[in-house]
Amino acid sequence: MAEIGKDISKAKQLLENGEVVGIPTETVYGLAGNALNEDAILKIYSVKNRPKFDPLIAHTNSLDKIEGLVKEIPSKAYELTNAFWPGPLTILLNKKSSVPDLLTSGLDRVAVRIPDHPLTLELLSALEFPLAAPSANPFGYVSPTSAQHVEDQLGDKIPYILDGGPCHIGLESTIVGFDGDDVVVYRLGGTKVEAIEEIVGKVKIQVNESSNPAAPGMLKSHYSPGRKMIIGDISENLRELNPETTGILSFMTTYDIPVKNQVVLSPTGDLDEAARNIFSALRKMDQPNIEVILTEFLPQEGLGKAINDRLRRAAV
Ligand code: TXA
Ligand code: MG
């Protein structure tokens, strides 16, 4: 089992020795290693059991450090960093040759972000290198939003988890890149599309739905709670099922089935609260007595767009 604690210098030392460590961010917990060290990157892929065609995000604490990794930063990228960093936004930029191809799966662009978590910002500022950090879950499973989630699944494979409490956004970062002068959103996430459009105008949404993506931004089947999941009218779908073996993940409504089988994402209909709860709710559905999970789409606005995206992938 991994040690769980708040010891930044311990995490720093392990990372400097090429180890991988669980770290908190505002979005989800990351599985971090030295982004410039190929052995550490290989360790991340191996602990997650992740295919090497799926590239990693480099995390730092300053724009200066990011300028050292990329060829140039377009002016619209600066507008976005000013508005959203530190925060749940990842930007794809042309990488310098010093950035390992293993980090980017051979792609010309590297994904970079400054996360918004005090412990991790302190850790990053004490390190001489950026941290590669995918979500700290086995490949294809639900992302972790607490240190305990990381411990539950990867605890026997890593030495240390830096405990920063529950993640206050609860969904991974939004990923953007540039196509000429256009801003393209490749993954819906913790920064709302509406907020991005307020800064840079209309964006293109190119969220990958294919199971074999040419640009490996997102695989179609992901976030799987390990159960059959049906999205639709919950009360109608429930009529044909046994309430004892059915799980319900609803937006606002409580249903007449055992309490332990259901999660209401936000009784008041607050999409930000629903985002904070979605991944722990999916984990709660992963229990032996549940055979089928019923869920529903949330309003397609704000973080609702990203939540619906995760539900769609979890149901594949
Ligand atoms: O919120 C987050 O972004 C979290 C926290 C830990 O920072 N990290 C995260 O990493 O979600 P991960 O590896 O689970 O998801 C990163 C996504 C992957 O789908 C990957 O394909 C895409 O980013 N990605 C990374 N680098 C890329 C690149 N150079 N070009 C295209 N897609 C890239
Ligand atoms: Mg992930």
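1. Let's start with lysine 305. Setting aside neighbours within four places in sequence, lysine 305 is in contact with Leu188, Val193, Glu194, Pro299 and Gln300. Keep in mind that this is a predicted model. Lysine 305 itself sits in helix H11. Another lysine worth a look here is lysine 192: its C-alpha atom and that of lysine 305 are separated by 8.4 Å, although the two positions lie 113 residues apart along the chain.

2. Now the domains. Where does the assignment put them? The domain assignment gives domain 1 as 3–205 and domain 2 as 228–315. The C-alpha centres of these two domains are 28 Å apart. On the contact count, 22 residues of domain 1 touch 17 residues of domain 2.

3. A word on the domain interface in terms of area. The size of an interface is often given as the accessible area lost when the parts come together. For domain 1 and domain 2, the buried area comes to about 1,600 Å². Carbon and sulfur atoms give 57% of that area.

4. Next, the helix pair H10 and H11, the latter being the helix that holds lysine 305. H10 covers residues 271–285 and H11 covers residues 304–314; they pack at an angle of about 20 degrees, with axes 9 Å apart. Angles under 35 degrees count as roughly parallel, so H10 and H11 are roughly parallel to each other. Their crossing is left-handed. From H10, the contact is made by Leu271, Ala274, Ala275, Ile278, Phe279 and Leu282, and H11 brings in Gly304, Ile307, Arg310, Leu311 and Ala314. Sorted by class, that contact has nine nonpolar residues, one polar and one charged.

5. The other pair on my list is H4 with H8. How do these helices lie, and at what angle do they pack? H4 (residues 75–84) and H8 (residues 193–200) pack at about 125 degrees, and their axes are 10 Å apart. The two helices are therefore oblique to each other. The crossing of H4 and H8 is right-handed. H4 contributes Lys76, Glu79, Leu80, Ala83 and Phe84 to the contact, while Ala195, Ile196, Ile199 and Val200 come from H8. The class split for H4 with H8 is seven nonpolar, no polar and two charged residues.

6. To set the two helix pairs side by side: the H10 and H11 crossing is left-handed, whereas the H4 and H8 crossing is right-handed. H10 and H11 are roughly parallel, and H4 and H8 are oblique.

How values were computed. Residues are numbered from 1 along each chain as its sequence is written. Chains are lettered from A and ligands numbered from 1 in the order in which they are written. This is a predicted model: local features need pLDDT of at least 70, side-chain atom pairs count only at pLDDT 80 or more; totals for chains, interfaces and linings use all residues. Side-chain values use heavy atoms; hydrogens and water are left out. Axes are lines fitted to C-alpha atoms, for helices over the stretch in contact, and angles run from 0 to 180 degrees between N-to-C directions. Helices (H or I, at least four residues) and strands (E, at least two) are DSSP runs, numbered from the N terminus. Angles under 35 degrees count as roughly parallel, over 145 as roughly antiparallel, 65 to 115 as roughly perpendicular and the rest as oblique. A crossing is left-handed if the near helix is turned anticlockwise from the far one by less than a right angle, and right-handed if clockwise. Contact means heavy atoms within 4.5 Å. Ala, Val, Leu, Ile, Met, Phe, Trp, Tyr, Cys and Pro count as nonpolar, Asp, Glu, Lys and Arg as charged, and the others, Gly among them, as polar. Domain bounds come from an automatic or database domain assignment. Buried area is the accessible area (1.4 Å probe) that two parts lose on being put together, summed over both.
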